[in-house]
Amino acid sequence: MGAGAAGASEQRLPVRRRFEVFEMHMVIYSLVEASTEDEALSTGKTVFDRLVGADPHAGAVFDYHVTFDEEDTSVAGKARWGELPTAAPVNSDDGQDLLERGWKATKEEFERNLDRVKEAIDELSDEEIMRDEDLARHAFHQVGAYDGPAIFLYTEHGTGIRHRGQLDRLLEESEELWIVPADVHF
């Protein structure tokens with residue numbers, strides 16, 4: 001077997017990692033008050049509609065969304081991420097798993113961007129930062145983001161959940177809290 005053939009057999013296809021950003025898609029989650037799964041899904045879809053600008057009073061922060069009850073797509077939702085609950089009570093095992101994944105992704109994205117900001121401040125001049133050298137200003141923007149690709153959890157009003165105190169307060173104050181996932185494109 002030649003060197004080319006050996007090299008080809010050692011190549012591995014990229015692994016899709018669940019619940020992370022993948023080719024400008026990401027899974028976000030809406031935390032909504034509801035008494036049934038159908039009600040939770042309906043309210044969640046309303047939140048996601050706001051985030052894609054379908055609501056005339058909201059600005060779009062994502063291009064489109066696909067919830068995990070939708071079967072007619074081959075590029076998003078289940079087709080991209082596999083099976084996820086359509087909606088789950090937060091106090092259930094599925095709900096806790098989705099909540100943990102959403103919070104972990106938010107925290108990791110914040111920390112990644114904060115590290116980029118710190119590095120830019122240490123290594124770049126004011127002029128280089130102003131020119132957005134190494135996307136420094138983009139990192140500054142992402143650290144301060146209230147919604148969009150840096151935020152993975154949202155309230156039923158479409159507000160991004162940016163810190164643990166905000167999440168804990170929502171969890172403590174809600175009686176019938178559900179979590180609804182959606183694949184969004186940005």
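These are numbered notes on a predicted model of a protein.

1. Confidence. The average pLDDT for the protein is 86, and 87% of the residues reach at least 70. Broken down by element, the lowest mean pLDDT, 40, belongs to helix 1 (residues 3–10), while strand 3 (residues 88–89) has the highest, 98. The pLDDT is below 50 over residues 1–19, a stretch with 16 contacts in the model beyond near neighbours in sequence.

2. Overall make-up. The protein has seven helices and five strands. Their order along the sequence is α-β-α-β-α-β-α-α-α-β-α-β. Of the contacts between residues at least 6 apart in sequence, 65% join residues at least 24 apart.

3. Burial and surface. The protein has 186 residues, of which 39% are buried. About 10900 Å² is exposed, and 48% of that comes from carbon and sulfur atoms.

4. Main core. The largest nonpolar core contains 20 residues. Ile28, Ala40, Phe48, Leu51, Phe62, Tyr154 and Val180 have the most contacts inside this core. Strand 1 (25–33), helix 2 (37–51) and strand 5 (177–185) are the elements that give two or more residues to the core. Helix 2 gives the most, with five residues.

5. Second core. Apart from the largest core lies another, of 17 residues. Phe68, Leu98, Leu99 and Leu170 are among them.

6. Surroundings of Tyr154. Which residues does Tyr154 touch, not counting those up to four places away in sequence? Ile28, Tyr29, Ser30, Leu31, Val47, Leu51 and Phe62 are touched, as are Asp147, Gly148, Thr159, Gly160 and Ile161. Tyr154 counts as buried because its relative accessibility is 0%, under the 20% cut-off.

7. The aromatic pair. The structure holds one aromatic pair. Phe62 and Tyr154 form this pair, which is edge-to-face, with 6.5 Å centre to centre and 85° between the planes. Phe62 lies in the loop between helix 2 and strand 2 (64–67) and Tyr154 lies in strand 4 (residues 153–155), so the pair ties together parts that are 92 residues apart in sequence. Phe62 is also buried, with a relative accessible area of 1%.

8. A charge over a ring. Where does the charged end of Arg162 sit? The charged end of Arg162 is over the ring of Tyr146, at 3.9 Å from the ring centre.

Note on methods:
Residues numbered from 1 in each chain as written. Predicted model: local features only at pLDDT ≥ 70, side-chain atom pairs only at ≥ 80, totals over all residues. Heavy atoms only, no water. pLDDT = per-residue confidence, 0-100. Helix = DSSP H or I, 4+ residues; strand = E, 2+ residues; numbered from the N terminus. Contact = heavy atoms within 4.5 Å. Buried < 20%, exposed > 50% of the residue type's maximum accessible area, 1.4 Å probe, protein only. Areas by Shrake-Rupley, 256 points an atom, 1.4 Å probe, with all protein chains shown as cover. Core = buried A, V, L, I, M, F, W, Y, C linked by side-chain atoms within 4.5 Å. Phe/Tyr/Trp six-rings, centres within 6.5 Å; stacked < 30°, edge-to-face > 60°. Lys NZ or Arg CZ within 6 Å of the ring centre and 35° of its normal.
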